[in-house]
Amino acid sequence: MPADTTPGSDTGSAPPPTARHAPRHVSVPVTTEAVSVTGWGRTAPTAARLVRPRSYAEAAAAVRMCGARGGIARGLGRAYGDAAQNAGGAVLDMTDLNRVHTIDAICGTVLCDAGVSLHRLMEVLLPLGWFVPVTPGTRYVTVGGAIGADIHGKNHHGSGSFSRHVLSFELLTADGGIRTVDRGTPLFDATTGGMGLTGVILSATVRLLPVETSLVSVDTERATDLDDLMARLTATDHRHRYSVAWIDLLARGRSTGRAVLTRGEHAPLDALPARARRQPLAFRPGRLPAAPSFVPEGLLGRTTVGLFNELWYRRAPRARTGELQTIPAFFHPLDGVPHWNRVYGRAGFVQYQFVVGHGREETLRRIVRRISERGCPSFLAVLKRFGTADPGWLSFPMPGWTLALDIPANLPGLGTFLDELDEEVARADGRVYLAKDARLRPELLGRMYPRLDEFRRLRAELDPGGVFTSDLSRRLELREPARRPTPPLSRS
Amino acid sequence: MKDAFGAPQSLLILGGTSEIALATARRLIARRTHTVWLAGRPSPALERDAEHLRELGADVRTVAFDALDCASHETVLGKVFAEGDLDMVLLAFGLLGDQARDEREPLAAARIAQTNYTGAVSAGLVCARSLQTQGHGSLVVLSSVAGERARRSNFIYGSSKAGLDAFAQGLGDALYGTGVQVMVVRPGFVRTKMTAGLDAVPLSTTPEAVAAAIEVGLRRRSETVWVPGALRVVMSALRHVPRAVFRRLPI
C-alpha cells in the first residue's frame, strides 16, 4: 500500500483544498449482481451492488466508481432502519478494513480502521487494562458506524457520546481525497452523527477508558411506576458511571411505567473474589445458538410479551448491590443470541427511540401512557437520562430523557400511531434517533434537528454530485428538501 | 423511499381515472405520498381527478398515456422515471366490455384483450426495468377474481385478466431479490362506474376496501392480495369444481 494512504503517516491536518488523493489504478472487487439489503429491523429491503474494499485505495476507487446512484458505507448492519442501504447504487461493506494499527497503552488511545468492531477492540484492549469509552447495547458495531451514528451508551450522562472520545479520523470524501479531520472542525461535527453522508470514515483515533478488571459491579432496584423511576434516576444518576432502566410498557393503571433500574461501575480489583483475581481482565463472551431463520409471524404478540415482562419484572430483586457481572451480560445481553432480530418474523420490527429535554417530563409521561394504553407489545423498552450533548450537527443525544422500544412492524395502525408520537416529540423540541429510524415524516426532521440546513449546505459544498447517498437520505431528503411544487411535465 | 411500513412517498398510476386507483392514492396521500403521477388518456376527467388529489396536499402531475399504444410506453414512462424515483407503480387500467356484444364483434373483444393484457405487458415490463434500476419499489397490478377461473358470463374480460395475472406472477418471480415487489391484487365484484348497472353479487366490495387492502399488502410485502379476503377460500373451492358443474353454476 502506498504510504500516503496510511493513516497516521501524516499527522498534520489537511485542509480541504489540498486533500491527498489515492492512486487511480486500483481495481475494485465489485459484485455485479445486486443483492437485497436491509437494516437490523429487516423492513424495507432494497437492492444494491455490494463492494468490499480491502484497502483505503480500493475504497477510494469504489467511491469514484459508484455511479449515478451513489454509494454509502456499511459496517455490521446494526442500524435498525435504512441508513446503510442504497437502492440501485453501491454499498461499501467496510468490514474487511479491520486492522488495529496502534495501541498507546500508556496514554490510552487506539488508532484503528473504521471497519473494526467494538467486539474486536474489547478482545484486544481488555487484557491491556483498557475499555472502549462508550458502548451501545451491542458490541457488533464498527468504529466507523459508531462515529457516523454518534452512538451513546449507558454512561451518556457522564461520558457523552462516542464522538467525545474521538480525537481525529481519516475521511474519504466525494472527490476521492482522504482528509484528516480533527476535533473542533465543522467537518468533524458534520460527520459525527452525519450517517455516513459526508464521506467514508477510514480510520480513527479513539481515547480509551482504563479498567482494573473486566467485570462490572451492578446495583439493581425496582421502581413501582414512572414517577418513582424518574425520581430515582434524577436523584442518583450522577453517582454511577452506567445507569439504565428497563420499563414494562405493557403495565397499565397504577403500575404504568414500572421498571427495573440497573446501575454499574467497572469493578476494582479488590472487589473480586480471590479466584477471579488470577485473571481479572479475561474477556470470554459466550454465544447461544442463532435464532432460526424462519419464525412464524406474530410470535411476539401482547400475550407472550406481557408474560415475559411480568416475569422479567418479578425476577429482578427489589434492591441488590455489588453483583459482579461480565461485560457481555451487563452491556450486551442480546449479543448472546446471534440474529435475534429474526424473532420478529418476516415483517421485521421498528425501534422507536426519541429524546425530550429536561422540563419536558410531561411529554414523556404522556407518551409512556399512550404506549401502555395502546398495548404495543414491546419487551426491553429502555429509559435513560442523557447528559451534556456533543457538538455533532445531527447527533442524537441532548440533555433529557430518552426512551427506546422495539415494536413488530406488522402491528396494524402502527405507522399512524408513531407519527402521532413524533408530533408530540417535535412539539416538545425533542427528536428521534436517525440510526434507528425507518419511518419518520421528512417534514419534521428540520424541527428535530435545527442544524439540518447547515448540514445540507456543507454536504452541497463537499459533495456537489451527491456521491454519498443512502435510502435514509432519500427518504428524509437529507440532501435537499423536496422540490415541491414542481411544474407538470406534460399537460393535456 | 418507502418507509418501514411500505408506505410510498411517490406514486405512478397507470389508468389515472380508475376509481380503485384514486381511492388508493387518497389513502396513501394521507400517509406518506407527496408526489403522484396520473397517467391516462388526456381528458377533463383526468384533470379533475388530479385537482382532487392536489386538494389533499399532494404534488400531482398528469401525463398522456395510452395503454393501446405500446410503441409509446418507453418514451412516456421513461420521462416520468427520469424525474425521480417512484416508490410504487399502480397498474390500474382495464376494460370490462360487454360480453354479449364482444362475442358478436371480435374486434371489440380484441381491444379488451389488447388493453387489459398486451398493454399491461408492455407497460409492466417498462416499469419493471426502471424499478429494477432504482433498486426498490412496488409494482401493484390490479387483476381480478374473474381471471382465476373464466366464467361463461364474462370470459373475454376474465381471460384477459387471467393472462395479466399469470404475467404479473411470473414477473414477480423474475424480480425476486431485486428490491422490487410485484403485488397482484385480485378484487371480487367492485362497485364502480365500470360495474354500474350490473347486479351486485355476494362478497362485492368497494374501491376504498381495495385501497385499504393494498395498503396492508404493501406493509406485509405480500405477493397476492384478495379483496375481500374471504374470496381466497371461495375461489380455491371454485377452482376445483368440475367444468360440467361449473358452467351450470349461477355465477
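**Salt bridges, cores and the interface between chains A and B**

Arg370(A) counts as partly exposed, with a relative accessibility of 24%. In this predicted model, Arg370(A) has a partner for its side chain: a salt bridge joins Arg370(A) to Glu420(A), with 2.4 Å between the closest N and O atoms. Arg370(A) belongs to helix α10 (residues 361–374) of chain A and Glu420(A) to helix α11 of chain A, so the pair ties together parts that are 50 residues apart in sequence. Glu420(A) is partly exposed as well, at 36% relative accessibility.

Chain B offers another pair to look at. Glu74(B) and Arg129(B) form a salt bridge in which the closest N and O atoms are 2.4 Å apart. Here Glu74(B) sits in helix α3 (residues 73–82) of chain B and Arg129(B) in helix α5 (residues 106–134) of chain B, so this salt bridge ties together parts that are 55 residues apart in sequence. Glu74(B) is partly exposed, having a relative accessible area of 44%, and Arg129(B) is partly exposed at 47% relative accessibility.

A salt bridge can also lie within one helix. The side chains of Asp228(A) and Arg232(A) meet at 3.0 Å, N to O; both residues are in helix α6 (residues 226–236) of chain A, 4 residues apart, about one turn of the helix. Arg232(A) counts as partly exposed, at 27% relative accessibility. Over all chains, the count comes to 52 salt bridges.

What joins the two chains? At their interface, 42 residues of chain A are in contact with 34 residues of chain B. The area buried between the chains is about 2900 Å², and carbon and sulfur atoms give 48% of this area. Between chain A and chain B there are 4 salt bridges, one of them being the pair Arg474(A) and Asp85(B), at 3.9 Å from N to O. On the chain A side, two or more residues come from each of β2 (30–37), β3 (46–51), α11 (414–427) and α14 (471–475). Helix α11(A) gives the largest share, 5 residues. By type, the chain A side divides into 18 nonpolar, 11 polar and 13 charged residues.

Turning to the interior, the largest nonpolar core has 106 residues, and Phe131(A), Phe162(A) and Leu229(A) have the most contacts inside it. Helix α11(A) again appears here, giving the largest share of this core with 6 residues. Beyond its neighbours within four places in sequence, Leu229(A) is in contact with residues including Ala245(A), Ile247(A) and Leu383(A). A second, separate core has 32 residues, among them Val63(B), Val89(B), Val126(B) and Val182(B).

Terms used. Residues are numbered from 1 along each chain as its sequence is written. Chains are lettered from A and ligands numbered from 1 in the order in which they are written. This is a predicted model: local features need pLDDT of at least 70, side-chain atom pairs count only at pLDDT 80 or more; totals for chains, interfaces and linings use all residues. Side-chain values use heavy atoms; hydrogens and water are left out. Contact means heavy atoms within 4.5 Å. Buried area is the accessible area (1.4 Å probe) that two parts lose on being put together, summed over both. Ala, Val, Leu, Ile, Met, Phe, Trp, Tyr, Cys and Pro count as nonpolar, Asp, Glu, Lys and Arg as charged, and the others, Gly among them, as polar. A nonpolar core is a set of buried Ala, Val, Leu, Ile, Met, Phe, Trp, Tyr and Cys residues joined through side-chain atoms within 4.5 Å. Buried means under 20% relative accessible area, exposed over 50%, partly exposed in between (1.4 Å probe, protein chains only).
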